[in-house]
Amino acid sequence: MSSNLNNQNPSEFFQQKTNIGINGLDNYLDFLEFHYFSKISLRNYNINDQGIDMALDMTCSIDLLEMLAHFNKNRWGKSTNIIDSPLLTGFNHLAAQNSIYLDIEELTLFLNDTSIIIKRITDRSILQQFNDILTELANHYIYFTQGLKQQPYEIFVPVFEDDIENPPLNTQNKKPQSYFDFWGIYLENQEDALIYDLNRNTFIPADLDLSMH
């Protein structure tokens, strides 16, 4: 990708291009590749009555801890403020070019040592809260690595109660209402996934059945 993309006017950068019926999609993916130093691909999409839901993969040749360090210094996913991530600002330009409703249903980050699977909980929740999720990953890194002693190789954000056998969660809604209550995490020395409680900074017992699908 050329290094002058930051100097381009957004209206010039997001030229109309048809891809699965979405104008400007290829340019949006290129925009994300530039800002996240990653390979971005559309893994899947679902056309429904509301519009088009997309599943995106972000592959970045970097370790999780290094990525978080660059994010905290605004060097990875650089943005002008903490709310408007390139994921969101680019999407806003994409949505403006299309009359159909668009959303990201799932975003998976493939890093050198970890995969992070983020699922939608409300309309455009991934887009609106992506920076917040990365911030909380950094804040809780010391805890879910158990004092830097354990390496997670998969992190599911958030945990859906359908994935839990004998759930310990006291909730009437199976669908999570927040990204910042419970995550599912696979650690290198653990055969089964664990539930990480963000409010208590600790793992809690439960039987999980998680998958990448």
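Here are some notes on a predicted model, point by point.

1. Start with the charged side chains. There are 8 salt bridges in the model, and a few of them are worth following from strand to strand. Opposite charges can pair up when their charged atoms come close.

2. Take Asp57 and Arg43, whose side chains form a salt bridge at 2.8 Å, N to O. Asp57 sits in strand β4 and Arg43 in strand β3 (residues 39–47), so this pair ties together parts 14 residues apart in sequence. The two ends have their own surroundings: Asp57 is buried, at 11% relative accessible area, while Arg43 is partly exposed, at 38%.

3. Arg43 also has a salt bridge to Glu106, with 3.0 Å between the closest N and O atoms. Here β3 supplies Arg43 and β5 supplies Glu106, so the link ties together parts that are 63 residues apart in sequence. Glu106 counts as buried, with a relative accessibility of 9%.

4. Glu106 goes on to meet Lys119 in a salt bridge of 3.2 Å, N to O. Glu106 belongs to β5 and Lys119 to β6 (residues 115–119), so the parts tied together are 13 residues apart in sequence. Lys119 is partly exposed, at 22% relative accessible area. Put the shared partners together and you get one network of Arg43, Asp57, Glu106 and Lys119.

5. Have a look at Asp53 too, another residue in strand β4. Is Asp53 buried or exposed? It is buried, because its relative accessible area is 10% and the cut-off for buried is under 20%. Its side chain makes a polar contact with the side chain of Asn48, at 3.0 Å. Leaving out residues up to four places away in sequence, Asp53 touches Asn44, Tyr45, Asn46, Asn48, Asp103, Glu105 and Arg120.

6. Next, helix α4 (residues 86–96). Which of its residues are buried? They are Pro86, Leu87, Leu88, Gly90, Phe91 and Leu94. These buried residues pack against β2 (22–23), α2 (25–36), β4 (51–59), β5 (101–110) and α5. As a reminder, an α-helix has 3.6 residues a turn, so residues three or four places apart point the same way.

7. Last, the surface. Ile142, Tyr143 and Leu148 make a nonpolar patch of about 290 Å². Leu148 is in the loop between α5 (125–144) and β7 (152–157), and this leucine is exposed, with a relative accessible area of 55%.

Key
Residues numbered from 1 in each chain as written. Predicted model: local features only at pLDDT ≥ 70, side-chain atom pairs only at ≥ 80, totals over all residues. Heavy atoms only, no water. Patch = residues over 30% accessible without salt bridge, like charges linked within 9 Å, V, L, I, M, F, W, Y side chains within 5 Å. Areas by Shrake-Rupley, 256 points an atom, 1.4 Å probe, with all protein chains shown as cover. Salt bridge = Lys/Arg side-chain N within 4 Å of Asp/Glu carboxyl O. Helix = DSSP H or I, 4+ residues; strand = E, 2+ residues; numbered from the N terminus. Buried < 20%, exposed > 50% of the residue type's maximum accessible area, 1.4 Å probe, protein only. Contact = heavy atoms within 4.5 Å. Polar contact = N/O pair within 3.5 Å; in protein donor to acceptor, adjacent residues only side chain to side chain.
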